Amino acid sequence: MQRISLVKTAHNLIREKLHPGDIAIDATVGNGHDTAFLVEQVWPAGKVYGFDIQQAAIDSTRAKVKSCHRISEKGDGYTPILTLIQASHAVMTEKVAIQDHGKIAAIMFNLGYLPGSDKSVITQTESTLTALAIASRLLSSNGILTVLAYPGHQGGGHESIAVKNWCKQLDEDQFSVRIYYSTENEVSAPRLYVVDKLTKLQQHEPSNPDAEVPNLQISVSSS
Ligand SMILES: C[S@@+](CC[C@H](N)C(=O)[O-])C[C@H]1O[C@@H](n2cnc3c(N)ncnc32)[C@H](O)[C@@H]1O
């Protein structure tokens, strides 16, 4: 069975939209792989906010970003670019500078637990949905939001369905949604929800009349 890396898919899609000088958010920094990727994209003049509720994740991410070759060359030069915040993504509105609201080019969520750590500390459906609602408002026009969900762990199935339902209720004049699956026909397969905030011009293009669920395209892709 073909498996695709949804992390790579998310990075490839974000790479198309996130450029040097832009602002991004990693809503779940974990071990810092996604944060390091985002810092790399916005370098040398942009900004990345990183959230996690666990001190271990914040420490691990700081170390990961510091060890990133391009960044360490500049000594402590990564500091102004990266703001790590030990708090729930549900309070993003207060923690992201007001002047950056509506200007975030990319926001990543990687749900579940911190690999190699306590598996009982996981993202919770309620705070995830609160954070997604905030994220959709913080995004810039033409911005991208990715949510990697894992229905295979306890609570993950419920959370993944809730994310899908949240995607479905988005205003289709403002957002378009795609879902990528890591494998075909597997209920527990990890999946990537990709939400694009449409530009004014895109908002006036006709939508796909063949889509089963309006505005929700489902793919198994090897990008
Ligand atoms: C799958 S890991 C993230 C992996 C990470 N993106 C990486 O590249 O290594 C999920 C993370 O979400 C964090 N988390 C759980 N609930 C959270 C919340 N309410 N706000 C922010 N982070 C949360 C966990 O502590 C964990 O580190």
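**View 1. The largest nonpolar core of the predicted model.** The largest nonpolar core has 53 residues. A24, A106, I107, A135 and Y193 are the residues with the most contacts inside this core. The structure shown here and in the other views is a predicted model.

**View 2. The surroundings of A24.** A24 is among the residues with the most contacts inside the largest nonpolar core. Apart from neighbours within four places in sequence, A24 is in contact with L18, L38, V42, V48, I104, A105, A106 and I107. One of these contacts, A106, is also listed with A24 among the core residues with the most contacts. I107 likewise appears both as a contact of A24 and among the core residues with the most contacts.

**View 3. Strand 4 and its partner strands.** Strand 4 covers residues 104-110, and 7 of its 7 residues are buried, so this strand is largely enclosed by the rest of the structure. Strand 1, residues 23-26, runs parallel to strand 4 and is joined to it by 4 bridges. Within this pairing, I23 has I104 of strand 4 as its bridge partner. Strand 5 also runs parallel to strand 4, and 6 bridges join these two. F109 stands opposite V147 of strand 5. From strand 4 the chain passes through helix 6, residues 125-138, to reach strand 5, and this β-α-β crossover is right-handed.

**View 4. N142 in strand 5.** N142 lies in strand 5, which spans residues 139-149. Its phi is positive, about 75 degrees, although N142 is not a glycine. Is N142 buried or partly exposed? With 14 C-beta neighbours inside 10 Å, N142 counts as partly exposed, because a residue is buried only if 20 or more other C-beta atoms lie within that distance and exposed if 12 or fewer do.

**View 5. The cis peptide bond before P44.** The peptide bond from W43 to P44 is cis, and its omega is near 5 degrees. P44 lies in a loop that has helix 2, residues 33-42, on one side and strand 2, residues 47-52, on the other.

**View 6. The shell around the ligand.** The ligand is surrounded by 22 residues. T28, G30, H33, N110 and L114 are the closest of them. Helix 2 and strand 2 each supply at least two residues of the shell; the loop between this helix and this strand holds P44. By residue class, the shell divides into 8 nonpolar, 12 polar and 2 charged residues.

Definitions and conventions: Residues are numbered from 1 along each chain as its sequence is written. This is a predicted model: local features need pLDDT of at least 70, side-chain atom pairs count only at pLDDT 80 or more; totals for chains, interfaces and linings use all residues. Two strands pair if DSSP finds at least two bridges between them. A crossover is right-handed if, with the strands pointing away from the viewer, the path from the first strand over the helix to the second runs clockwise. A nonpolar core is a set of buried Ala, Val, Leu, Ile, Met, Phe, Trp, Tyr and Cys residues joined through C-beta atoms within 7 Å. Two residues are in contact if their C-beta atoms, placed from the backbone, lie within 7 Å. A residue is near a molecule or strand if its C-beta atom, placed from the backbone, lies within 6 Å of it. Ala, Val, Leu, Ile, Met, Phe, Trp, Tyr, Cys and Pro count as nonpolar, Asp, Glu, Lys and Arg as charged, and the others, Gly among them, as polar.
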